[in-house]
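Work through the exercises below with the sequence and the coordinates at hand. Each task is followed by a solution in steps.

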Amino acid sequence: MDETVAEFIKRTILKIPMNELTTILKAWDFLSENQLQTVNFRQRKESVVQHLIHLCEEKRASLNDAALLDIIYTQFHQHQKVWDVFQMSKGPGEDVDLFDMKQFKNSFKKILQRALKNVTVSFRETEENAVWIRIAWGTQYTKPNQYKPTYVVYYSQTPYAFKSSSTLRRNTPLLGQALTIASKHHQIVKMDLRSRYLDSLKAIVFKQYNQTFETHNSTTPLQERSLGLDINMDSRITHENIVEKQRVQRITQETFGDYPQPQLEFAQYKLETKFKSDLNGSILAEREEPLRCLIKFSSPHLLEALKSLAPAGIADAPLSPLLTCIPNKRKNYFKIRDK
Amino acid sequence: MEQANPLRPEGESKGGVLAHLERLETQMSRSCKQSEEPQSVQTQERVLGTKIQKLRHLRDDLRAAVQHRRGSVKACIANVEPNRTVEVNEQEALEEKLENVKAVLQAYHFTGLSGKLTSQGVCVCINTAFEGNLLDSYFVDLVIQKPLRIHHHSVPVFIPLEEIAAKYLQTNIQHFLFSLCEYLNAYSGRKYQADRLQSDFAALLTGPLQRNPLCNLLSFTYKLDPGGQSFPFCARLLYKDLTATLPTDVTVTCQGGEALSTSWEEQRASHETLFFTKPLHQVFASFARREKLDMSLVS
C-alpha cells in the first residue's frame with residue numbers, strides 16, 4: 001500500500017470520533033467482520049488506528065478505497081461543510097432524461113481527466129437517488145491534493161446539485177461543465193442559497209419542508225389553540241390583549257405553518273436603493289446615486305428565530321415579506337434595487 | 001456564640017443569625033404548647049373522619065340511584081314509546097348519513113384524484129394505481145392567489161413538476177392536474193413493475209437490476225433456466241414516454257454468442273416483442289410458467 005494512501009487513511013480515521021468509529025467502518029465495508037473483531041476498540045485511539053492501518057495494508061487498500069472512507073466521513077459530518085446550490089437547465093425541446101448511472105459516472109470522470117490529468121474522482125450512491133461525488137484536484141504537473149477535496153451531491157433526474165464550497169475556486173467552472181454535460185443538461189447556474197445543513201437545503205429546493213397535508217381523514221386542525229397560557233392560572237387573571245395575541249398567533253401560523261422550519265444560518269440583503277426621506281433638504285435625500293449597504297441576519301436557526309419574533313412581541317405581525325419569502329423563493333441572498 | 005464571623009462584623013451577625021435562632025426557639029415552644037392539647041386535635045380528627053364516611057355513603061347511594069335510573073330509562077326505550085323512538089331514529093339517521101358521507105369521501109380516493117379545501121386554497125390528493133393495485137399517494141397543496149402557486153407537495157423530486165406547472169398551472173388547472181396524474185400513475189406503474197421483477201423473479205435474474213429514479217431506463221440480464229446451460233439474455237428497456245408504462249425502446253441481446261442458432265434468434269426476437277407489449281412482471285411470470293411446463297414435460 002502506497003505511503004500516501006496509508007497516511008491519508010490514517011488521518012481520516014483519526015478525525016473520526018471514537019463513538020462513531022465502528023459505524024463508519026461498517027458502512028465502509030472494506031474490512032471484513034472477522035478483521036474488525038480482532039481490533040480492540042477500547043484501547044487508546046492511536047493504538048486502534050495503528051491496528052486498523054495494519055489491517056488495511058493486509059487488504060491492500062487503494063486510493064479509491066481511501067477516498068470512499070473520506071466520503072463516508074463527510075456524509076456523517078455534513079455540517080462541517082458549507083453547501084452551495086446549483087440549478088441546471090436543458091435547452092428547449094430536448095429529449096426525455098434517460099439517466100444511466102454508469103454512463104454519467106464515466107462521462108463525468110472523462111471530462112475532468114481530459115482537462116486536468118491529475119484528478120481523483122470517486123462516487124458513492126445513496127438510497128435517496130443521490131450520488132455523492134468526491135473530487136481531489138491536482139494540475140497538469142502536480143498530484144491531486146487529497147486533503148482539500150470538493151464534494152458534489154447530485155440528485156439524478158433533477159436539475160439540482162449541491163456543492164461544498166471550497167477555497168479552490170478556479171476549478172468551479174470546470175466542475176460545472178463536467179456535471180452539466182455528464183447529466184445531459186445545457187447550462188448551470190448558481191442559486192442564491194447557501195447553508196451548512198444539506199437536508200434543509202434539499203427541503204427548500206425541492207419544496208418538501210412541510211410533509212403534512214390536509215385530507216378528509218386527518219383530524220381537523222385545532223382552531224382554538226392555547227396560547228401557551230398557564231391552565232392552572234387563576235381564573236381572575238386574564239390577558240388584556242388576548243385578541244391581539246390571537247391575531248399574531250394566527251398570522252404566524254399562516255405564514256410559517258406548524259411544521260419544523262428548515263435550518264439556515266443567515267440571510268443577507270444587499271441594498272442598492274436611493275435614500276428615502278420625508279424631510280426635504282436632507283443631505284442624503286439629494287444624492288443621485290443609490291446607497292449601498294449590506295444587512296445580514298445570523299442565527300443558529302434563522303427561520304425559527306423569525307417565526308418567534310412576532311409572538312415574542314419583538315416585531316409586528318405580519319413580518320416583512322422580504323423575511324418570510326426565504327423558503328418560498330429558495331434564496332437567502334437578496335439584492336434589492338429601486339424598481 | 002463568641003465566634004466572630006470573618007465575613008461579617010460581629011454586631012451584625014449577632015443581630016442576624018442569633019436573632020433568627022431565638023425566633024425559631026420561641027416558635028418551637030409555642031407549637032409545643034399547642035401540641036399539649038392533643039385531645040382537641042384528636043377529636044377534630046375523629047369528627048372529620050366520620051364526616052368523610054358519611055359523604056362516602058352519600059356518594060355510593062347517589063351512584064346506585066343513577067344506575068337504577070339508567071336501567072329504567074333503557075327499559076322504557078325498549079317498550080317502544082313513540083316519542084322516544086322518533087328521537088332515536090333521527091339520531092341514527094344522522095349517524096348513518098355521516099358514515100355515508102365519510103365513506104363517499106374515502107371512496108374518492110379510488111377515483112385517483114380528490115381534494116380538500118384548505119384555508120388558503122386546496123390540497124389535492126393523487127392516488128396512483130396500476131392493474132387494479134392501489135399504489136402510492138401524492139399531495140399537492142395549492143394556494144389560490146394571483147398567480148396560483150404550489151405551496152408544498154410530496155411529489156418525488158425527479159417528476160418534472162416545475163415543467164408541468166410552468167406549462168399549465170396558470171392557464172388551465174384541469175389540464176395541470178390531469179397531466180400530473182398521468183405522470184405519477186405512469187411512474188408508479190413502472191416502479192411497480194421493476195419492484196415486482198426484483199422481488200418475485202430474482203431467481204431468473206443473473207445480475208442486479210439497474211434502474212434510475214424515474215424507472216425509465218431498466219437494464220438486466222436473465223436466464224430462462226436458472227442454473228442451466230443456456231446463455232443469459234441482456235435486456236435494456238427505455239421508456240421515453242414518461243406517461244406510459246410500457247417501453248418505447250427494447251433491445252435484447254444474447255451474451256456470449258455472436259453466431260446464434262436460429263432457435264436462439266427466434267427466442268430473442270420473441271422476447272423483444274413480449275417486453276414491448278406486456279408489463280415486465282407479466283413477461284417474467286410467463287417465463288416462469290413456461291419453465292414449469294418444460295420441467296413437468298421432462299419429468
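**Exercise 1. Find the residue just after α7(A) that has a positive phi, and describe the helix before it.**

Step 1. Directly following α7(A), A:K184 adopts a positive phi of about 60°. The model is a predicted one.

Step 2. Helix α7 of chain A covers residues 172–182, and its buried residues are A:L174, A:L175, A:G176, A:A178, A:L179, A:T180 and A:A182.

Step 3. Next, look for what packs over these positions. The cover of the buried residues of α7(A) includes one helix, α6 (101–115), and the strands β1 (83–89), β3 (130–137), β4 (150–155), β5 (160–164) and β6 (187–195), in chain A.

**Exercise 2. Describe the setting of A:S200: which element holds it, is it buried or exposed, and which residues does it touch?**

Step 1. A:S200 belongs to helix α8 of chain A, residues 198–205.

Step 2. Its relative accessible area is 11%. The cut-off for buried is under 20%, so A:S200 is buried.

Step 3. Leaving out residues up to four places away in sequence, A:S200 touches A:P262 and A:Q263.

Step 4. With A:Q263 there is a polar approach: a polar atom of the A:S200 side chain lies 2.7 Å from the backbone nitrogen of A:Q263.

**Exercise 3. Characterise the overall form of chain A.**

Step 1. Count the elements: chain A has 12 helices and 9 strands.

Step 2. Compare the radius of gyration with the globule rule. For 339 residues the rule gives 20 Å, whereas chain A has 26 Å, well over that value, so the chain is more spread out than a compact globule.

Step 3. The C-alpha trace of chain A spans about 75 × 60 × 45 Å along its principal axes.

Step 4. Of its 339 residues, 41% count as buried. Among contacts in chain A with a separation of 6 or more, 69% join residues 24 or more positions apart.

**Exercise 4. Do the same for chain B, then place B:H109.**

Step 1. Chain B contains 7 helices and 7 strands. Read from the N terminus, their order is α-α-α-β-β-β-β-α-α-β-β-β-α-α.

Step 2. Of the 299 residues in chain B, 32% are buried. Residues 24 or more positions apart supply 39% of the contacts in chain B with a separation of 6 or more.

Step 3. B:H109 sits in the loop that links α3 (82–107) to β1 (113–117) of chain B.

Step 4. The relative accessibility of B:H109 is 22%, and the residue counts as partly exposed.

Step 5. B:L134 is 25 residues from B:H109 along the chain, and their C-alpha atoms are 9.4 Å apart.

**Exercise 5. Describe the interface of chain A and chain B.**

Step 1. Contacts link 28 residues of chain A with 31 residues of chain B.

Step 2. About 2600 Å² is buried between the two chains, with 54% of it from carbon and sulfur atoms. On the chain A side, A:L98, A:F213 and A:E214 lose the most area to chain B, together 24% of what that side buries.

Step 3. The count of salt bridges between the chains is 2. A salt bridge joins the side chains of B:R236 and A:D100, at 3.3 Å from N to O.

Step 4. Across the interface, 10 residue pairs are in polar contact. The side of chain A that touches chain B has 8 nonpolar, 13 polar and 7 charged residues.

Definitions and conventions: Residues are numbered from 1 along each chain as its sequence is written. Chains are lettered from A and ligands numbered from 1 in the order in which they are written. This is a predicted model: local features need pLDDT of at least 70, side-chain atom pairs count only at pLDDT 80 or more; totals for chains, interfaces and linings use all residues. Side-chain values use heavy atoms; hydrogens and water are left out. Contact means heavy atoms within 4.5 Å. Buried area is the accessible area (1.4 Å probe) that two parts lose on being put together, summed over both. A salt bridge is a side-chain nitrogen of Lys or Arg within 4 Å of a carboxyl oxygen of Asp or Glu. A polar contact is a pair of N or O atoms within 3.5 Å; within protein, one must be able to donate a hydrogen and the other to accept it, and residues adjacent in sequence count only if both atoms are side-chain atoms. Ala, Val, Leu, Ile, Met, Phe, Trp, Tyr, Cys and Pro count as nonpolar, Asp, Glu, Lys and Arg as charged, and the others, Gly among them, as polar. Helices (H or I, at least four residues) and strands (E, at least two) are DSSP runs, numbered from the N terminus. The radius of gyration is taken over C-alpha atoms; the globule rule is 2.2 Å times the number of residues to the power 0.38. Buried means under 20% relative accessible area, exposed over 50%, partly exposed in between (1.4 Å probe, protein chains only).
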